[in-house]
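Let's take a friendly walk through a protein, looking at its inner spaces and at how two of its helices meet. Have the structure open and follow along.

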Amino acid sequence: MLRDILSGKSGIDPGQLANAAGLPSDPASVAALMQQLQGAMNSQGTGVDWQIALTQGQQRAANGQLTATDEQQTQLRQAFHIAALWLDDVISVAELTVEPRMMTRREWVTATMPLWTQLAEPVATSISDSLTRVFAEQVPEEMQGMVANASQLVRSIGGTLFAMQLGQVVGQLASEVVSGGDVGIPLLGEQQAALLPQNVSDFGAGLDVPTDQVQIYLAVREIAHARLFRHARWLRLHLTSAVTAYARGISIDSSRLEELAGSFDPSNPEDLRQAMVDGSLIQQKSESQLLALSRLETMLALVEGWVDVVTARATIRLPKADAIAETVKRRRASGGPAESAFATLVGLELRPRRLREAAAMWQAVTDAVGNEARDALWSHPDLLPTEQDIDDPKQLIARLTSAARGEPEVLDDVDQALEDLLRDDGAERPHEA
């Protein structure tokens with residue numbers, strides 16, 4: 001069927017195939033789809049060609065892209081400079097040694113795609129494996145001898161379609177984000193802060209707020225995010241490892257795939273398209289996945305909550321800071337179409353549910369012990385507040401205030417027992433010269 005489509009011998013509209021894959025069905029996109037599928041059929045590789053995702057994302061992002069004017073560049077550089085100075089007063093983490101960047105949407109896609117593909121690869125592999133397995137089970141007995149070669153074809157085409165979808169999602173996301181750290185996870189390189197001038201302008205267009213205040217506020221958020229990940233050097237690997245560990249547990253519902261295979265009408269691919277965009281092919285989360293997701297959400301909430309608190313303190317000089325902050329919160333609560341599409345495609349929502357509670361905890365810690373003691377909690381993962389601390393920060397604050405007064409740490413039962421054991425063990429052995 002696919003060979004007939006690609007050779008023009010089929011009565012199936014290629015635009016319908018593009019629509020089934022969740023891709024635009026304009027002539028240029030359909031032509032690109034046919035070219036990519038033809039390449040997949042001729043490919044001898046076993047993995048997903050992620051260059052397809054990059055190309056698709058760059059092309060999608062370039063649609064409607066505007067280049068920042070010299071005036072915008074100058075304004076944003078000044079905003080970054082002010083942001084760094086204001087943050088120095090409210091945080092105790094080191095300054096960045098890499099100059100912030102102003103990025104076009106296409107540049108943002110290029111810079112962030114490596115991490116997007118890292119997050120998506122487990123799902124792409126699961127889809128390809130499931131397609132191959134279902135294909136082998138569904139093929140008629142008289143065609144079993146062809147399965148070995150055809151299975152590789154199915155795997156290649158499944159991976160290609162997924163990569164194209166991911167590229168479309170990331171390309172669309174490039175029109176929604178305003179900065180490198182806008183989605184919480186560290187998408188850019190270490191210490192790299194960035195704003196997208198076109199999207200910053202779009203963000204402020206519907207607000208009754210002076211442009212310079214919007215620019216400074218967003219620059220403060222971005223610099224705070226980048227400086228946090230520079231200060232807590234373990235945090236980047238810790239967070240990305242948590243995301244990929246969760247993603248590796250995602251699997252495809254083969255029974256649902258078999259249903260689609262048995263009822264698939266090539267001339268009416270709406271069922272296939274709907275299954276790919278509503279996430280019904282992804283199995284329900286396992287208990288281990290739910291646990292991993294809870295840890296991940298806690299970590300993301302701690303990062304975003306800290307950024308919220310320090311941004312609020314750093315931008316107290318901005319008359320319209322509260323209005324801008326409220327807009328940021330509304331955007332974060334609702335998310336954009338591309339974020340929803342990514343959550344469907346990969347099975348992972350990027351927005352933490354407990355952000356408000358985490359921000360309240362960071363504010364309480366700041367009020368109790370100040371900026372330096374608060375930021376010292378990021379020096380090691382064992383010191384970081386837990387989910388229980390977010391629920392009730394009283395014990396955390398009591399521990400921090402006692403330490404600030406120089407009082408000995410109050411040990412829990414387990415730590416006290418360990419301390420007693422070590423003390424007794426040391427007392428039984430005489431000092432050796």
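This report covers the cavities and then one pair of helices.

Keep in mind that this is a predicted model.

**The cavities**

Searching the whole structure turns up four cavities of 30 Å³ or more. The largest cavity has a volume of about 160 Å³. Its lining is made of 14 residues, and Ser179, Gly181, Asp182, Arg221 and Val328 are the ones that lie nearest the centre. To find the walls, look for α9 (211-231), α13 (287-314) and α14 (321-334), each of which supplies at least two residues of this lining. The biggest share comes from α9, with four residues. By type, the lining of the largest cavity divides into four nonpolar, three polar and seven charged residues.

**Two helices that meet**

Now turn to α13 again, this time with α10 (residues 233-248) as its partner. The axes of these two helices come within 9 Å and cross at roughly 150°, and the crossing is left-handed. Here are the residues that meet, helix by helix:

| Helix | Residues in the contact |
|---|---|
| α10 | Trp234, Leu235, His238, Leu239, Ala242, Val243, Tyr246 |
| α13 | Gln289, Leu293, Leu296, Met299, Leu300, Val303 |

What types of residue make up the contact of α10 with α13? They divide into eleven nonpolar, two polar and no charged residues. Set beside this, the lining of the largest cavity has seven charged residues. Helix α13 takes part in both places: it supplies at least two residues of the cavity lining, and it meets α10 through residues including Leu293 and Met299.

Key. Residues numbered from 1 in each chain as written. Predicted model: local features only at pLDDT ≥ 70, side-chain atom pairs only at ≥ 80, totals over all residues. Heavy atoms only, no water. 1 Å grid on protein atoms, 1.4 Å probe; cavity = no way out; pocket = protein on both sides within 12 Å on 5 of 7 lines; lining within 4 Å. Points joined across faces, edges and corners; volume = space filled by probe spheres on them. Nonpolar A, V, L, I, M, F, W, Y, C, P; charged D, E, K, R; others polar. Axes fitted to C-alpha atoms, helices over the stretch in contact; angles between N-to-C directions. Left-handed = near helix turned anticlockwise from the far one by under 90°. Contact = heavy atoms within 4.5 Å.
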